Amino acid sequence: MVERFLQNLSMKNITPFAVITGASRGIGAEYARALAAQGFDLLLVARDQNRLKEISKEIQQTTSIQVWTEALDLARPHAAETLYSLAQSFRPHVSLLVNNAGFGLYGLFADMSLPTIQDMLQVHIHLTTESTRLFLPDMMNRRQGAIINVASVAGFFPIPYMAEYSATKAFIISFSEAVAMEAKESEVTIQVCCPGYTETDFHKTAGHCPRHMAPPHTPQDVVQKSLKALRSQQTPVTIGWHGLATQWITPFIPKKWLMRLSARFVRSHSSSH
Ligand SMILES: NC(=O)c1ccc[n+]([C@@H]2O[C@H](COP(=O)([O-])OP(=O)(O)OC[C@H]3O[C@@H](n4cnc5c(N)ncnc54)[C@H](OP(=O)(O)O)[C@@H]3O)[C@@H](O)[C@H]2O)c1
């Protein structure tokens, strides 16, 4: 799919253009590196402008693509409209939108800070839904384009002590799968990418230090699998055997067992409990 984009767009003499949220580090920065290597011009968005500039500088040392960076707090109301206007100010058409920005929250839901919960609802639910609504029509009209919404295996079932996180990621999975079917006729791919435990700053930011039985994925594992899967319009996309096992086995396990097991796992494998 990525290669097909390039072929189609180069025929019209247009460089493909990708918008990536949460591109200042981790998985988002890796999407930026991988898409730059495929010849995409990029709009990179996150709050940390210094880190965005570093990623942009790194990319521009090895490619001749254009990279725009913008410091934007995506938890603010109307962030999706701001993102859309920004993208429009650089290019009339977006070939690929990667809704990757996100963060984790661990602990007793009743103890969690309400503003942080509100930020999570805004970034995971509002931004994903509203930006998909804003960017999708032009892709459908042109019968070309893709949206990757980054969820998590944590969205496959409810997880106590990660209630808010797993519920918002479940929303992203359900929403993306439904809209993906609607968009398929217009040849637009909507992928929901569901990584498992991946080695990034995510866990440190969330104040949680998981110790898993399986080795963590690297951001490169996640991005390579996600971009490769665009070709086949596969969705949801999981990474590695444990991701696949979670996706296929959990629907057959009683939800209460899963929740009890995962609650025990999150509490006992967390440095913050
Ligand atoms: N790492 C894992 O184990 C794992 C597993 C499953 C799913 N995921 C998902 O993968 C995605 C990327 O996470 P990661 O692992 O790469 O974590 P990360 O290294 O902590 O990166 C998170 C990115 O999101 C951005 N972000 C967070 N809140 C934002 C806000 N309010 N406004 C703008 N940008 C914001 C951060 O940028 P700034 O701080 O500069 O704003 C950063 O670029 C997330 O959606 C996460 O839920 C991660």
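**A colleague's note on the predicted model**

1. Let's start with D201, which is partly exposed, at a relative accessible area of 26%. Bear in mind that you're looking at a predicted model. D201 sits in the loop that runs between β6 (189-194) and α7 (202-205). Where does the chain bring D201 together with G26? Their C-alpha atoms are 6.7 Å apart, although 175 residues separate the two along the chain. If you set aside residues up to four places away in sequence, D201 touches R25 and R51.

2. Now for the overall layout. How many strands form the open sheet, and in what order? There are seven, and reading across you get β3-β2-β1-β4-β5-β6-β7, with parallel pairing. At the edges you'll find β3 (67-71) and β7 (237-238), each of which pairs on one side only.

3. Strand β4, covering residues 96-99, is a good place to zoom in, as both of its faces are covered. L96 and V98 point to one side, L97 and N99 to the other, and all of these residues are buried. The cut-off behind that word is under 20% relative accessible area.

4. What does β4 pair with? On the one hand there is strand β1 (residues 17-21), which runs parallel to β4 and is joined to it by three bridges. Look for I20 here: it stands opposite V98 in β4. On the other hand there is strand β5 (residues 146-150), also parallel to β4, with four bridges joining the two. V98 turns up again in this pairing, standing opposite I148 in β5. To get from β4 to β5 the chain passes through helix α5 (residues 114-142), and this β-α-β crossover is right-handed.

5. Helix α5 is worth a stop of its own, and S131 is one of its residues. Is S131 buried or exposed? It is buried, with a relative accessible area of 0%. Beyond residues up to four places away in sequence, S131 touches A80, L83, L97, N99 and H126. L97 and N99 you have met already, on one side of strand β4. There is a polar contact to look at as well: a polar atom of the S131 side chain lies 3.5 Å from the backbone oxygen of T128.

6. Also in helix α5 is Q122. Its relative accessibility is 17%, so it counts as buried. Which residues is Q122 in contact with, once neighbours within four places in sequence are left aside? They are L74, A75, R76, P77 and L127.

7. Between β4 and α5 there is a loop, and A101 lies in it. A101 is buried, at 15% relative accessible area. Leaving aside neighbours within four places in sequence, you'll see A101 in contact with T21, G22, L74, V123 and H124. L74 is also on the contact list of Q122. As for T128, its C-alpha atom is 9.3 Å from that of A101, with the two positions 27 residues apart along the chain.

8. On to the aromatic rings: the structure holds five aromatic pairs. One of them is F171 with F175, a stacked pair at 5.8 Å centre to centre and 5° between the planes. Both residues belong to helix α6 (residues 163-184), where they are four residues apart, or about one turn of the helix. Which of the two is buried, and which is partly exposed? F175 is buried, with a relative accessible area of 17%, whereas F171 is partly exposed at 29%.

9. Last point: there is also an aromatic cluster. Ring pairs link F17, W68 and F90. What sits over the ring of F17? The charged end of R91 does, 5.7 Å from the ring's centre.

Key
Residues are numbered from 1 along each chain as its sequence is written. This is a predicted model: local features need pLDDT of at least 70, side-chain atom pairs count only at pLDDT 80 or more; totals for chains, interfaces and linings use all residues. Side-chain values use heavy atoms; hydrogens and water are left out. Buried means under 20% relative accessible area, exposed over 50%, partly exposed in between (1.4 Å probe, protein chains only). Two strands pair if DSSP finds at least two bridges between them. A crossover is right-handed if, with the strands pointing away from the viewer, the path from the first strand over the helix to the second runs clockwise. Rings of Phe, Tyr and Trp (its six-membered ring) pair if their centres lie within 6.5 Å; planes under 30 degrees apart count as stacked, over 60 as edge-to-face and the rest as tilted. A charge sits over a ring if NZ of Lys or CZ of Arg is within 6 Å of the ring centre and within 35 degrees of the ring normal. A polar contact is a pair of N or O atoms within 3.5 Å; within protein, one must be able to donate a hydrogen and the other to accept it, and residues adjacent in sequence count only if both atoms are side-chain atoms. Contact means heavy atoms within 4.5 Å.
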